[in-house]
Amino acid sequence: MTDERTDGLCVRGLRVSFDGFTAVDGVDLDVPAGDLRFLIGPNGAGKTTLVDAVTGLVRATGSVRFGDRELLGRDVHRIARLGVGRTFQTAAVFEELTVAQNLDIAAGAGRSWWALARRRRRLPDEVVAALDTIGLADRADHLAGTLAHGQKQWLEIGMLLVSDARLLLLDEPVAGMSHDERDATGALLETVSRDRTVVVIEHDMDFLRRFARTVTVLHAGRVLSEGTVAQVQADPRVQEVYLGHPVDAPTEA
Ligand SMILES: Nc1ncnc2c1ncn2[C@@H]1O[C@H](COP(=O)(O)OP(=O)(O)OP(=O)(O)O)[C@@H](O)[C@H]1O
């Protein structure tokens, strides 16, 4: 389900090269508003580089539109202000500050000095709402450094929510998580994607099967396959890349 706050991502002819090596090689990608899209592919397929290009961290050619805005050519912080947020494989939270303070800072990142100076003493509504969404309301006053690994990842997602990111690009959010933490993260992503567009880079196939709405498979910098989990799993090209042969093909003894 989506609402009008959400926009879709539209990538056309995206190309990223490093010293003559083409890491992203002409990618077209449509992620409709409110999708929960998983981006998979073998190591070196170009997944992180694609997200780097969308968020302005690497130079790219082609076109990346979020809603009606072209992102390519804009600075990282301007892209963030247009509602595009990302996480990295290692959570980047302020460990010496409390959970609530981390969220409060993220909520204030785009505000004017005057708006921040007028800030009341109680937590802003969006921080309270985010604490609830990420399941850390009872940890609001704990130092972020004392959180479990999974909780730090949720806090980082919460920081994107309060900064009003409407496109979330998450790099392996469940890596290193326990089974229960994965379940909770999946439920969180389902909630978040009700009124936001979410793209998840992930290697965990079990997690993907349970929570992906749609899947894009990258291989050697190109889109190899796209569709539902079932469609992508049934695609012989995907089986070839992951298993070395189509599932039903006879294998040599
Ligand atoms: N800054 C860089 N300079 C040179 N080559 C790079 C740079 N960043 C990425 N690459 C190369 O681009 C290719 C794609 O890398 P990328 O990290 O995007 O792949 P990935 O699909 O995210 O892989 P993984 O699943 O291992 O994280 C790789 O061959 C990588 O070595």
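**Exercise 1. Find what covers the buried residues of helix α3 in this predicted model, and state which residues of α3 are buried.**

Solution. In this predicted model, the cover over the buried residues of α3 includes α5 (125-133) and α6. The next step is to list the residues concerned: in α3, the buried ones are V99, A100, N102, L103, D104, A106 and A107. Helix α3 spans residues 99-108, and because seven of its 10 residues are buried, the helix is largely enclosed by the rest of the structure.

**Exercise 2. Identify the residues with the most contacts inside the largest nonpolar core, and the element that gives the most to this core.**

Solution. The largest nonpolar core has 68 residues, and those with the most contacts inside it are L103 and L155. Turning to the elements, α6 gives the most to this core, with seven residues. The surroundings of L155 can then be followed in the model: leaving aside residues up to four places away in sequence, L155 touches V93, V99, N102, I134, L136, A144 and L147. Among these contacts, V99 and N102 are also buried residues of α3. As a general background, nonpolar side chains in soluble globular proteins tend to be buried together.

**Exercise 3. Describe how the residues of strand β3 point, and with which strands β3 pairs.**

Solution. Begin with burial: β3 covers residues 36-40 and is mostly covered, five of its five residues being buried. Next, sort the residues by direction, with L36, F38 and I40 pointing one way from β3 and R37 and L39 pointing the other way. This can be set beside the general rule that side chains in a regular strand alternate between the two faces of the sheet. Finally, look at the neighbouring strands: β3 is joined by four bridges to β8 (residues 197-201), and the two run parallel, while β3 and β9 also pair in the parallel sense over four bridges. R37 serves as a marker for both pairings, since its bridge partner in β8 is V199, and its bridge partner in β9 is T214.

**Exercise 4. Determine whether V24 is buried or exposed, and name the residues it touches.**

Solution. V24 is found in strand β2. Counting around this residue gives 26 other C-beta atoms within 10 Å, and because the cut-off for a buried residue is 20 or more, V24 is buried. Apart from residues up to four places away in sequence, V24 touches L14, R15, V16, G46, T49, L50, A53, A60 and G221. One of these contacts, A53, is 29 residues apart from V24 in sequence, and the two are 9.2 Å apart in space, C-alpha to C-alpha.

**Exercise 5. List the shell around the ligand, and find which element gives the most to it.**

Solution. The residues surrounding the ligand are F18, F21, A23, G41, N43, G44, A45, G46, K47, T48 and T49. Two elements give two or more residues to this shell, namely β2 (21-31) and α1 (47-54), and α1 gives the most, with three residues. Sorted by class, the shell has four nonpolar, six polar and one charged residues.

**Exercise 6. Locate D164 and A220, which have a positive phi although neither is a glycine.**

Solution. D164, with a phi of about 65°, lies in the loop between α6 (149-162) and β7 (167-171). A220, with a phi of about 50°, has its place in the loop between β9 (214-219) and β10 (222-227). For exposure, D164 is partly exposed, with 17 other C-beta atoms within 10 Å, and A220 is partly exposed, with 15.

Technical notes:
Residues numbered from 1 in each chain as written. Predicted model: local features only at pLDDT ≥ 70, side-chain atom pairs only at ≥ 80, totals over all residues. Near = placed C-beta within 6 Å. Nonpolar A, V, L, I, M, F, W, Y, C, P; charged D, E, K, R; others polar. Buried ≥ 20, exposed ≤ 12 C-beta atoms within 10 Å, placed from the backbone. Contact = placed C-beta atoms within 7 Å. Core = buried A, V, L, I, M, F, W, Y, C linked by C-beta atoms within 7 Å. Pairing = 2+ DSSP bridges.
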